[in-house]
Amino acid sequence: MKIKLTIPDELPHGHGASFKKGIADALIESARSGLSHTPEGHNESREKGQVVGKEIAKRVSEIVKP
């Protein structure tokens, strides 16, 4: 799977942390269960999601420093 990120050109330098928090807000809002709850047998999927999340954060930081 490939995910293409488009970072808005008008995003001011130094706003990277706020931009990443906005991404996290949208993902958390779309969750169907509480953030602290991982259904039984889903730990591996959550861990894979965390790897993707860290990569997204890294890519955003490369473009807009927090």
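In which handedness of crossing does helix 1 pass helix 2? Helix 1 passes helix 2 in a right-handed crossing (the near helix is turned clockwise from the far one by less than a right angle). This is a predicted model, where local features need pLDDT of at least 70, side-chain atom pairs count only at pLDDT 80 or more, and totals for chains, interfaces and linings use all residues. Residues are numbered from 1 along each chain as its sequence is written, and side-chain values use heavy atoms, leaving out hydrogens and water.

**How the helices meet**
- Helix 1 and helix 2 (DSSP runs of H or I, at least four residues, numbered from the N terminus) pack at about 150°, with their axes 10 Å apart.
- That angle makes helix 1 roughly antiparallel to helix 2 (over 145 degrees).
- The contact (heavy atoms within 4.5 Å) is made by Gly-16, Phe-19, Lys-20 and Ile-23 of helix 1, together with Ile-56, Ala-57, Val-60 and Ser-61 of helix 2.

**The largest pocket**
- A pocket is an open set of points on a 1 Å grid where a 1.4 Å probe fits, with protein on both sides within 12 Å along at least five of seven lines; lining residues have an atom within 4 Å of a point.
- The largest pocket has a volume (space filled by probe spheres set on the points) of about 830 Å³.
- Its lining has 23 residues, with Leu-27, Leu-35, Arg-46, Gly-49 and Gln-50 nearest the centre.
- Helix 2 gives the largest share of this lining, eight residues.

**The second largest pocket**
- The second largest pocket holds about 210 Å³ of space.
- Among the residues lining the second largest pocket are Met-1, Val-52 and Arg-59.

Notes: Helices (H or I, at least four residues) and strands (E, at least two) are DSSP runs, numbered from the N terminus. Axes are lines fitted to C-alpha atoms, for helices over the stretch in contact, and angles run from 0 to 180 degrees between N-to-C directions. Angles under 35 degrees count as roughly parallel, over 145 as roughly antiparallel, 65 to 115 as roughly perpendicular and the rest as oblique.
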